[in-house]
Amino acid sequence: MRPALVVCAHGTDDPDGQAAVLAIAGATAQRLPDVTVEVAYVDVQEPKLDVVVDRLVAAGHRVVVVPVLLTLGFHTEVDVAEAVAGHPGEVLSTGPLGPDPRLEAALVDRLREAGAPEGAAVVVAVAGSSRPEAAEVGHGVGRGVQQHWSGPVTVGFLSAAEPGVPEAVAAARASGPVAVASYLIGPGFFQRKLARAGGDVVAQPLGAHPGLVSVVVDRYLSGCLCLES
């Protein structure tokens, strides 16, 4: 029996954000038809990750947890780690989804889907963190998007780091129209902030983009190899 996969999200009270996580899990399950795929959360929503992991292990499953989060942080290093710590050799957590070049390419797809003019200035909106290394990850995502986009690409942060997205949009406007790329998993509080940030075009979050789903699948498969070694 192949290990079960737990798609672990932060959790949100936004119905569209909830639907985005379920869509990611559903698309992943289609690519792994012989794998038990479940969804769990570290905050806001039920079921909580530790409850799902304990139930699957009690039922005889080994488990790979894939955090559907874009950077390292408290939830991956504390919440997720604590949920798997009680099951050594039976449960493993992979790293977060990002950074990954497939996510950067997906951001460009979302920009084009939103009607961003080719060559327009782009601000990549990143959630942000007080950790300096997290800010550098955000800038790395911007550099990755630049490889796929002919116009200038900069980065703005939604919290903790500078510049904020509105300031980054204002600075980019010297080049003409500005499109905002949403480096978020799904709709919710941060996406609503982007709608008010002054961009001419605001792309949708990554959601169940095929590139993101491919990253989830690959994280799971790598986790399986680690469990078996």
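In this predicted model, helix 1 and helix 8 pack with their axes 9 Å apart, at an angle of about 65°. The crossing of helix 1 past helix 8 is right-handed. From helix 1, the residues that make this contact are Ile24, Ala27, Thr28 and Arg31; from helix 8, they are Pro210, Leu212, Val213, Ser214, Val216 and Val217.

Helix 1 itself comprises 17 residues, 15-31. The distance from its first C-alpha to its last is 25 Å, close to the 24 Å expected at 1.5 Å a residue. Its buried residues are Gly17, Ala20, Val21, Ile24, Ala25 and Thr28. Viewed down the helix axis, the buried residues fall within an arc of 130°, so they line one face of helix 1. On the other side of the helix, Pro15, Asp16, Leu22 and Gln30 are exposed. The cover over the buried residues of helix 1 includes strand 1 (4-9), strand 2 (37-41) and helix 8 (210-228). Ile24 and Thr28 thus appear twice in this description: they are buried in helix 1, and they take part in the contact with helix 8.

The start of helix 1 can be followed back into the preceding loop. There, a side-chain oxygen of Asp14 comes to within 2.8 Å of the backbone nitrogen of Asp16. The backbone nitrogen of Asp14, in turn, lies 3.0 Å from a polar atom of the Thr12 side chain. Thr12 is located in the loop between strand 1 and helix 1. Its relative accessible area is 19%; because the cut-off for burial is under 20%, Thr12 counts as buried. Apart from neighbours within four places in sequence, Thr12 is in contact with Gly17, Gln18, Val44 and Gln45. Gly17 is also one of the buried residues of helix 1.

A second helix pair is formed by helix 4 (residues 101-113) and helix 5 (residues 132-146), which pack at an angle of about 65° with their axes 9 Å apart. Helix 4 passes helix 5 in a right-handed crossing. Here the contact involves Glu104, Leu107 and Val108 on helix 4, and Gly140, Val141, Gly144 and Val145 on helix 5.

Helix 4 has 13 residues, which should span 18 Å at 1.5 Å a residue; the 19 Å between its end C-alpha atoms agrees with this. Its buried residues are Leu103, Glu104, Ala106, Leu107, Val108, Arg110 and Leu111. The elements that cover them include strand 5 (121-126), helix 5, strand 7 (178-183) and helix 8. Helix 8 therefore recurs in the description, since what covers the buried residues of helix 1 also includes helix 8. At the N-terminal end, helix 4 is capped by Asp100, with a side-chain oxygen 2.8 Å from the backbone nitrogen of Arg102. After helix 4 comes Gly115, whose phi is positive, near 90°.

The last site to consider is Gln191, a residue of helix 7 (residues 189-195). Gln191 has a relative accessibility of 10% and so counts as buried. With neighbours within four places in sequence left aside, Gln191 is in contact with Ser182, Leu184, Val202, Ala203, Gln204 and Pro205. Among these, Ser182 falls in the residue range of strand 7 (178-183), an element that also helps to cover the buried residues of helix 4.

How values were computed. Residues numbered from 1 in each chain as written. Predicted model: local features only at pLDDT ≥ 70, side-chain atom pairs only at ≥ 80, totals over all residues. Heavy atoms only, no water. Helix = DSSP H or I, 4+ residues; strand = E, 2+ residues; numbered from the N terminus. Expected span 1.5 Å × (residues − 1). Buried < 20%, exposed > 50% of the residue type's maximum accessible area, 1.4 Å probe, protein only. Arc of directions from axis to C-beta. Contact = heavy atoms within 4.5 Å. Polar contact = N/O pair within 3.5 Å; in protein donor to acceptor, adjacent residues only side chain to side chain. Axes fitted to C-alpha atoms, helices over the stretch in contact; angles between N-to-C directions. Left-handed = near helix turned anticlockwise from the far one by under 90°.
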